[in-house]
Amino acid sequence: MNQKVAIVTGASRGIGRAISLELARSGYFIVINYQNNIHAAEKTLEMVREYNSDGECVQFDVSSAEQTRIAIENITSRFDNIDILVNNAGITSDDLFLMMSENSWDSVVNTTLKGFYNVTRPVLQHMVVQKHGAIVSMASVAGIMGNRGQANYAAAKAGLIGASRSVAYEVARLGVRVNVVAPGLIDTDMMRDLPVKNIKTLIPMARIGKPEEVAKVVRFLCSDDASYVTGQVISVNGGMF
Ligand code: NAP
């Protein structure tokens, strides 16, 4: 198919859904990845279609090398180009570091960092051949500042920043831009699980962010308006950092 295509991981809910809708407004066919929540993914697809765009729901666990390999091979074999990849899938499993289980550490690091490796490499191979593409990965203010109870999450998000900046250097001359967005506290299911009290006092703008406010920055970074922007980390956090 000769159509502008965007792959968004973790697009069934929250920030990933908002990104899917922003990119749908710009005419992209959206590959809506999800892990478990088929009904939410189908809702995202229904909303994408309300913007007169189209898409498809594709289940795979980004932390699984095998599932991701099969899914990305299938996607890239059906489309001429993959224009955009948004590595958005992420989880938290919070605990103080002294109490943190190996499973909490591994699940968070594997979803974010192994997920980046699993999804980005095969898509990047495609983008380098087609000589264009934009990749945006979702870090967090925690990956920059650290956060009590989130050593696993902060480590994974800081790693994502380092990996993205490195890959950006490697492919800058090959037509592919690689950037990171680092949200603060955004109103999604994930934030509702955070065990932090009085979070509004932490935010200079004194309010939680909306998923759409992150999505608009992602859309900018993916667009030609950001044609000279690569290797950057853009914070969307109401002034937290
Ligand atoms: P969310 O509402 O919890 O949604 C998470 C999404 O990721 C869902 O679509 C989920 O799929 C998917 N997902 C989780 N693990 C996956 C896996 N292994 N493979 C594929 N998909 C997977 O989270 P969110 O708040 O929108 O967060 C999106 C991104 O922004 C994450 O990377 C998060 O770390 C980052 N972020 C969020 C905040 C915040 O305050 N919300 C702040 C900073 C950064 P299912 O629906 O199928 O479970």
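How many residues of the shell around the ligand are nonpolar, polar and charged? In this predicted model, the shell divides into 15 nonpolar, 13 polar and 4 charged residues. The legends below walk through the ligand site and then a patch on the surface.

**View 1. The residues that surround the ligand.** There are 32 residues around the ligand, and those that come nearest are Ser-12, Asn-36, Asn-88, Tyr-153 and Thr-188.

**View 2. Side chains that meet the ligand through N or O atoms.** Start with Thr-188, where an N or O atom of the side chain is 2.4 Å from an oxygen atom of the ligand. Look next for Asp-61: its side chain has an N or O atom 2.8 Å from a ligand nitrogen. At Lys-157, an N or O atom in the side chain is 2.9 Å from an oxygen atom of the ligand. On its own the ligand has 900 Å² of accessible area, and the protein covers 96% of this.

**View 3. Helices and a strand in the ligand shell.** Two or more residues of the shell come from each of these elements: helix H1 (14–25), strand S2 (29–34), helix H6 (151–171) and helix H7 (189–192). Among them, H7 gives the most, with 3 residues.

**View 4. A nonpolar patch on the surface.** Leu-96, Leu-98 and Met-99 make a nonpolar surface patch of about 390 Å². To find Leu-98, follow the loop that runs between strand S4 (84–87) and helix H4 (102–130). Leu-98 counts as exposed because its relative accessibility is 84%, and the cut-off for exposed is over 50%.

Methods: Residues numbered from 1 in each chain as written. Predicted model: local features only at pLDDT ≥ 70, side-chain atom pairs only at ≥ 80, totals over all residues. Heavy atoms only, no water. Patch = residues over 30% accessible without salt bridge, like charges linked within 9 Å, V, L, I, M, F, W, Y side chains within 5 Å. Areas by Shrake-Rupley, 256 points an atom, 1.4 Å probe, with all protein chains shown as cover. Salt bridge = Lys/Arg side-chain N within 4 Å of Asp/Glu carboxyl O. Helix = DSSP H or I, 4+ residues; strand = E, 2+ residues; numbered from the N terminus. Buried < 20%, exposed > 50% of the residue type's maximum accessible area, 1.4 Å probe, protein only. Near = heavy atom within 4 Å. Polar contact = N/O pair within 3.5 Å; in protein donor to acceptor, adjacent residues only side chain to side chain. Nonpolar A, V, L, I, M, F, W, Y, C, P; charged D, E, K, R; others polar.
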